[in-house]
Amino acid sequence: MRNFDVLIVGGGVAGMTAAIYAKRRGKNVCIIEKFTLGGQVLTIDKIENFPTQKLIDGLTLCGMMSEQVKNLGIEVIADDIISCNLSQSVKTLTGKKDVYQAKSVIVATGLSYVELGKNEDEYLGKGVSYCAICDANFYKNKPVIVVSKKGSGIVDANILSEVCSKVTILDSEDMSAFASVNSKPKIEVVSNATVKSVFGKGSVEGVKAVVGGKATNFDAEAVFVCLGKKPTKLFDSLKKDQNGFIITDENMRTSVSGVFAVGDVRSKPLKQIVTACADGAIAGANA
Ligand SMILES: Cc1cc2nc3c(=O)[nH]c(=O)nc-3n(C[C@H](O)[C@H](O)[C@H](O)COP(=O)(O)OP(=O)(O)OC[C@H]3O[C@@H](n4cnc5c(N)ncnc54)[C@H](O)[C@@H]3O)c2cc1C
């Protein structure tokens, strides 16, 4: 069991900013991050709407922010929080590796990818990906599949078509309008396709789908699941809006005393880096 003054769940730009502000107030603060510091920003090639002097890419921005976190001596723990008890004055978070307690918790878990919900877990890192900009280069000159809903995979398909030999979009809706204007010969669009499972010996070799009622196999070396993003289901005791985003007041306080929410996980009209950082600053100054 580890004890802190302030626990921050999620090390995206919102969580890192919250940590910097809380630490500078002399708090014993820690960030718990299940992957890598940076979150979604790591996937951005060219950041827009961010008032730096020059255009900046996500890796550079995250590198600079995580360096500040490190230089301030903020502890970063690699763990995945899977449950929590927020009802007492001391809050308890349980991760896959350890249990953590603090008087203040800042939820900064951002958004996560909508899963296919089939057997894709077996092929994570073996051909199944959720991020074209991160993983396209692994499939240079190889055929890939994009799983899409109402065109949600078009942006990723365009990115993949720059490097892959063929991109097949399997969309669950009627995409004939898009298919007729799509001028990229490498991109094929299949409408009314429901993906049933991923197949392959050890790594991805394709997907089984039903297209217009007919079972069809599509061969490919990678499957990009591009079905959008959703907020975390954790923290059920907090008041959320109809879309599952956590409701806060202007000081980032949630419906439970001592618990704050910042960044994309929060119910708000504009989800951008500057607003995530602003949320983090306010919570870090109050937690
Ligand atoms: C492709 C793309 C392009 C974008 N372009 C721009 C742009 O040009 N300009 C702009 O301003 N904004 C842009 N955005 C939006 C911006 O990236 C987000 O608004 C911002 O990064 C949100 O930050 P966050 O810290 O709230 O969440 P996230 O970045 O989602 O970070 C959340 C972190 O929490 C971690 N986490 C989640 N659950 C747990 C758990 N249970 N335990 C431990 N850790 C957990 C995750 O691993 C992640 O690192 C873009 C987003 C995308 C996806």
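In what order do the five strands of the open sheet stand, and is their pairing parallel or antiparallel? The order is β8-β15-β9-β10-β11, and the pairing is parallel. Let me start there.

Some ground rules. This is a predicted model: local features need pLDDT of at least 70, side-chain atom pairs count only at pLDDT 80 or more, and totals for chains, interfaces and linings use all residues. Residues are numbered from 1 along each chain as its sequence is written. Helices (H or I, at least four residues) and strands (E, at least two) are DSSP runs, numbered from the N terminus. Two strands pair if DSSP finds at least two bridges between them.

Back to the five-stranded sheet. Its edge strands are β8 (128-129) and β11, and each pairs on one side only. Take the β11 edge. Strand β10, residues 166-171, runs parallel to β11, and four bridges join the two. One position to look at is Thr 168: its bridge partner in β11 is Glu 188.

Just before β11 there is a loop. Pro 185 sits in that loop, between α5 (176-181) and β11 (187-190). Its C-alpha atom is 8.6 Å from that of Lys 166, 19 residues away along the chain. Is Pro 185 buried or exposed? It is exposed, with 8 other C-beta atoms within 10 Å. The cut-offs: a residue is buried if 20 or more other C-beta atoms lie within 10 Å of its own, exposed if 12 or fewer, and partly exposed in between, with C-beta atoms placed from the backbone.

Next, the antiparallel sheet. It is open, has three strands, and runs β12-β13-β14. β12 (193-199) and β14 (214-219) are the edges, each with a single partner strand, so one side of each has no neighbour in the sheet. On average, neighbouring strands here are turned by 25° against each other, direction ignored. For that angle, axes are lines fitted to C-alpha atoms, for helices over the stretch in contact, and angles run from 0 to 180 degrees between N-to-C directions.

Now the pairs inside this sheet. β12 and β13 run antiparallel, joined by six bridges. Thr 194 stands opposite Val 210 in β13. The two strands form a hairpin with six residues between them. In that turn, Gly 200 has a positive phi of about 150°. On the other side of the sheet, β13 (residues 206-211) is joined to β14 by six bridges, again antiparallel. There, Lys 208 has Asn 217 of β14 as its bridge partner.

Two more backbone points, both with positive phi and neither a glycine. The first is Asn 141, at about 60°. Asn 141 lies in the loop between α3 (132-135) and β9 (143-148). Asn 141 is exposed, with 9 other C-beta atoms within 10 Å. The second is Lys 150, at about 50°. Lys 150 lies in the loop between β9 and α4 (154-161). Lys 150 is partly exposed, with 13 other C-beta atoms within 10 Å.

On to a helix. α2, residues 58-71, has 14 residues and reaches 20 Å from first C-alpha to last, close to the 20 Å expected at 1.5 Å a residue. The expected span is 1.5 Å times one less than the number of residues. Which residues of α2 are buried? Gly 58, Cys 62, Met 65 and Val 69. They cover an arc of only 70° around the axis, which puts them on the same side of α2. That arc is taken from the directions from the helix axis to the C-beta atoms. An α-helix has 3.6 residues a turn, so residues three or four places apart point the same way. Met 64, Glu 67, Lys 70 and Asn 71 lie on the other side of α2, and they are exposed.

Now β2. Five of its five residues are buried, so β2 is largely enclosed by the rest of the structure. Both faces are covered: Val 29, Ile 31 and Glu 33 on one side, Cys 30 and Ile 32 on the other. Strand β1, residues 2-9, pairs with β2 in the parallel sense over four bridges. Within that pairing, Val 9 has Ile 32 as its bridge partner.

β2 also takes us to the ligand. α1 (13-24), β2 (29-33) and α6 (273-286) each supply at least two residues of the shell around the ligand.
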